[in-house]
Amino acid sequence: MNLDLFNNLGKNISSDSSNNFLENFIHELKNYLNKNSNPMFTLDRFESDFAVLENRNTKEMTDIPISNIPSNAKEGDILKLSNGSYVIDYEETSIVSDRIRDKMDNLKKFK
């Protein structure tokens, strides 16, 4: 079990009043539960008739039939499982893409 949630809450205990602490705890717990209740996947690659997905939380790789993902999905897209179907999370895909581009730009500066 990932204890980061509780470690972060522990840091807030000394700086927040008890009411703020409880509000923060509830907020962070909701975020944690939401994040883990709807798994998100990175579309890693295509192999034959399968798409290889990486679970963003567990890093576990899963092969699923290409027919089970959106026809416009491409490598690097972030997919979420919603009501039994994989859908592209365009917002998260954009965030991840921007972060990777920024890292690449920073690496180029050091050449």
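Begin by selecting I69: apart from residues up to four places away in sequence, I69 touches L43, F46, A51, I64, L79 and Y86. The model on display is predicted.

Next, extend the selection to the largest nonpolar core, which has 10 residues, I69 among them. The other members to highlight are F41, L43, A51, L53, I64, A73, L79, Y86 and I88. Three strands, β1 (40-47), β2 (50-55) and β5 (85-88), each supply at least two residues of this core. In soluble globular proteins, nonpolar side chains tend to be buried together.

Now display the backbone of β1 and β2. These strands run antiparallel and are joined by 6 bridges. Select E47 to find its bridge partner in β2, F50. The hairpin that β1 and β2 form has 2 residues between the strands, and S48 in the turn shows a positive phi of about 55 degrees.

Proceed from β2 to β3 (residues 61-65), where the pairing is again antiparallel and spans 5 bridges. Here E54 has M61 in β3 as its bridge partner. The hairpin of β2 and β3 has 5 residues between its strands, and K59 adopts a positive phi near 70 degrees.

Then show the whole sheet. This open sheet has 5 strands in the order β3-β2-β1-β4-β5, paired antiparallel. At its edges lie β3 and β5, each of which pairs on one side only. On average, neighbouring strands are turned by 40 degrees against each other, direction ignored.

Finally, select helix α3 (residues 90-109), which packs on the sheet and touches β1, β4 (78-82) and β5. The direction of α3 makes about 155 degrees with that of β4.

How values were computed. Residues numbered from 1 in each chain as written. Predicted model: local features only at pLDDT ≥ 70, side-chain atom pairs only at ≥ 80, totals over all residues. Heavy atoms only, no water. Core = buried A, V, L, I, M, F, W, Y, C linked by side-chain atoms within 4.5 Å. Buried < 20%, exposed > 50% of the residue type's maximum accessible area, 1.4 Å probe, protein only. Helix = DSSP H or I, 4+ residues; strand = E, 2+ residues; numbered from the N terminus. Contact = heavy atoms within 4.5 Å. Pairing = 2+ DSSP bridges. Axes fitted to C-alpha atoms, helices over the stretch in contact; angles between N-to-C directions.
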